[in-house]
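Trainee: Could we go through this one together? I'd like to see how each label is earned.
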Amino acid sequence: MPLGHLHGLVHNAGRENTPVKATLEAINQMQTDGLIGKYAIGGAVGATFYLEPAATVDLDIFVMLPSAGGLLTLAPVYAYLKAHGGVEQDEYIVLDGWPVQFLPPGSDLEMEAIEKAVATELEGVSTRVMTPEHLAAIALRTGRAKDHNRVLQFVEHDAIDGRKLQIILARHGLTSKWKQFEQKYLAGNS
Amino acid sequence: MSKPKLKARMRSLSFDEKIKILEKLRDRSRAIAASGLRGKSVKDGGTKAIKKNRG
């Protein structure tokens, strides 16, 4: 029964799941049950797929929501997870110790990033991670110091395809922002 | 092992291994937060006062 299965996953009871694995299993179950559509791991955990692991506060899950009468809301997602041990904390829902932030796409860039995400597995659990080019584009657009640092890491470690990145940036009106970034951080680096 | 080599090795780990490291980093961060040490900077020479225990 889906609910009982989800309860066990969230509480990590009787299973040797690592927290992130258990969280992804819970998310996949929600997808199976129709509470969410496609999703993709973004943010720092998404970047970790391509770079070295670095301490992060939360797990960012960009998620398509099924629209009901034109209203998109995470309330059913939160209710579902809270009913099975998730704890709501500010903008997060804490699952097995991991603050998880569910982020409906706020732009065409994020929607595209979800659509084009790479299928992968974590400890045998299917999941999807944004491409490095989309992660870099989103970070560039967000523009905080830590986002710029992430873009720099992608560039410095050859983790992105420059041509693909430029196409994405152009499609989403971020070319000038990239030029400013390049001027500020990469000038003089050939 | 030099730092650049260690970083390169970390980047080459599988996603599974990287997530396990993230989880350990989180566990360590939570332990530090619970111990009351958060607020004391180490990088700047550790001279900042611990804010949490004032008052």
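**Strands, a salt bridge and two domains**

Mentor: Sure, strands first: β3(A), residues 87-89, pairs antiparallel with β4(A) over three bridges. The model is predicted, so local features need pLDDT of at least 70 and side-chain atom pairs 80 or more, while totals for chains, interfaces and linings use all residues. Residues count from 1 along each chain, chains are lettered from A, and side-chain values use heavy atoms, without hydrogens and water.

Trainee: Why are β3(A) and β4(A) called paired?

Mentor: Pairing takes at least two DSSP bridges between strands (DSSP E runs of at least two residues). Here there are three bridges, so the label fits. A:Gln89 stands opposite A:Tyr92 there.

Trainee: And what makes β4(A) and β5(A) a pair?

Mentor: Three bridges again, running antiparallel, with A:Leu95 partnered by A:Trp98. Two residues sit between these strands in a hairpin, and A:Asp96 in the turn has a positive phi of about 55 degrees.

Trainee: How do you know that A:Arg171 and A:Glu112 form a salt bridge?

Mentor: The rule wants a Lys or Arg side-chain nitrogen within 4 Å of an Asp or Glu carboxyl oxygen. Their closest N and O atoms are 2.8 Å apart, so the pair qualifies. Between domain 1 and domain 2 of chain A, the count is two salt bridges.

Trainee: Where do those domains of chain A lie?

Mentor: Domain 1 is 2-130 and domain 2 is 134-186, with bounds from an automatic or database assignment. In contact (heavy atoms within 4.5 Å) are 16 residues of domain 1 and 14 of domain 2.

Definitions and conventions. Helices (H or I, at least four residues) and strands (E, at least two) are DSSP runs, numbered from the N terminus.
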